[in-house]
Amino acid sequence: MGGKVYLTGAGPGDPDLLTVKALRLIHQADVIVYDRLINDEILREAKKEAILIYVGKEDSLHTLPQEEINALLVAYAHTHDTIVRLKGGDPLVFGRGGEEALYLSKNGIAFEIIPGISSAIAVPAYAGIPLTHRGINTSFRIITGHQTVFSEDFDAGVLRENETLVILMGLHRLDKIIRSLLYNGLDSSLPCAIIENGTMPTQKQVFATLDTIVDESRHIHSPALIVVGETVSLHKNLEWFQSL
Ligand code: SAH
């Protein structure tokens, strides 16, 4: 009899934003395989004898190559009952949770997916930014700044009217991303925010416009996400979160 792997979202940072189901599984887990950006407070909920394995690092998405993480999960599923694969935010939002689930499925390992609160949703909320707002827009889009999306072929013309953009993994290419958005026709006066360590006491945010954001955000570090669009300006009346 093999064990089961729970592909689990840990939420955006604040441990209180963990789901009840995720917390229950963390309490039960024999093995927890976790990424960077997982709050220590959450890991302290594991039982004393649980095996905790860190597989993420600072500047790339994974310390262990993905194949080794996959193999690790399968190996532990053969020797232990409850394996929690803990990922930041939601496991299926740029978290490679889908790839891991496919690999488990191919290898006959039972799994469940436990959604988490994605930083893409929660972090703007903690900065007082609604992603949609009646009278302003009817859609938002979550994209990665990591890969080729923002090469010359990114066409802002495909954006729906006033669509809010939430860009993950984009801080290290901020300059390039903003230039690409402007090149593709977004207005340089469009409101833009960058939020670091969202939902945490150390949260920092910068509000600017597309043409000033690069200069204004030089002191911002990872993890951070970028929000672009008219709804960003609502923060002036909606900021509620007190960071340190
Ligand atoms: N699966 C995760 C996203 C993984 S990609 C989720 O659903 O949240 C990692 C990126 O998420 C980071 O590069 C950063 O852009 C963003 N991110 C994660 N946590 C964050 C936080 N607390 N504050 C700001 N951005 C965050």
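Between domain 1 and domain 2 of this predicted model, one residue pair is in polar contact, with both residues at pLDDT 80 or more. Zero salt bridges are found across the interface of domain 1 and domain 2. The area buried between domain 1 and domain 2 amounts to about 870 Å², and carbon and sulfur atoms contribute 74% of it. In terms of residues, 11 from domain 1 are in contact with 14 from domain 2. Domain 1 covers residues 4–114 of the protein chain, and domain 2 covers residues 119–238. The centres of domain 1 and domain 2, taken over C-alpha atoms, are separated by 28 Å.

One open sheet consists of five strands in the order β3-β2-β4-β1-β5, and its pairing is parallel. Its edges are formed by β3 (51–54) and β5 (110–114), each of which pairs on one side only. From one strand to the next, the twist averages 15°. Within this sheet, strand β2 (residues 31–34) is paired with strand β4 (residues 82–87) in the parallel sense, over four bridges. Ile32 has Val84 of β4 as its bridge partner. Two helices are described against these strands. Helix α3 (residues 66–79) lies across β1 (4–9), β2, β3 and β4, and runs at about 155° to β4. Helix α4 (residues 97–106) packs on the sheet and touches β1, β4 and β5. The direction of α4 makes about 170° with that of β1.

The salt-bridge count comes to 11. One salt bridge joins the side chains of Glu112 and Lys4, with an N to O distance of 2.6 Å. Because Glu112 belongs to strand β5 and Lys4 to strand β1, this pair ties together parts that are 108 residues apart in sequence.

A further open sheet of five strands has the order β6-β7-β10-β8-β9, and here the pairing is mixed. Strands β6 (140–144) and β9 (204–209) stand at the edges with a single partner strand each, so one side of each lacks a neighbour in the sheet. Neighbouring strands of this sheet are turned against each other by 20° on average, direction ignored. The pairing of β6 with strand β7 (residues 164–168) is parallel and extends over five bridges. Ile142 has its bridge partner in β7, namely Val166. Helix α5 (residues 119–126) packs on the sheet, where it touches β6, β7, β8 (191–196), β9 and β10 (224–228). The direction of α5 makes about 75° with that of β10.

Two backbone features were noted in loops. The peptide bond from Ser222 to Pro223 is cis, with omega near 0°. Pro223 is located in the loop between α7 (213–216) and β10. Met169 has a positive phi of about 55°, although this residue is not a glycine. The loop that contains Met169 lies between β7 and α6 (174–183).

Key. Residues are numbered from 1 along each chain as its sequence is written. This is a predicted model: local features need pLDDT of at least 70, side-chain atom pairs count only at pLDDT 80 or more; totals for chains, interfaces and linings use all residues. Side-chain values use heavy atoms; hydrogens and water are left out. Two strands pair if DSSP finds at least two bridges between them. Axes are lines fitted to C-alpha atoms, for helices over the stretch in contact, and angles run from 0 to 180 degrees between N-to-C directions. Contact means heavy atoms within 4.5 Å. Domain bounds come from an automatic or database domain assignment. Buried area is the accessible area (1.4 Å probe) that two parts lose on being put together, summed over both. A salt bridge is a side-chain nitrogen of Lys or Arg within 4 Å of a carboxyl oxygen of Asp or Glu. A polar contact is a pair of N or O atoms within 3.5 Å; within protein, one must be able to donate a hydrogen and the other to accept it, and residues adjacent in sequence count only if both atoms are side-chain atoms.
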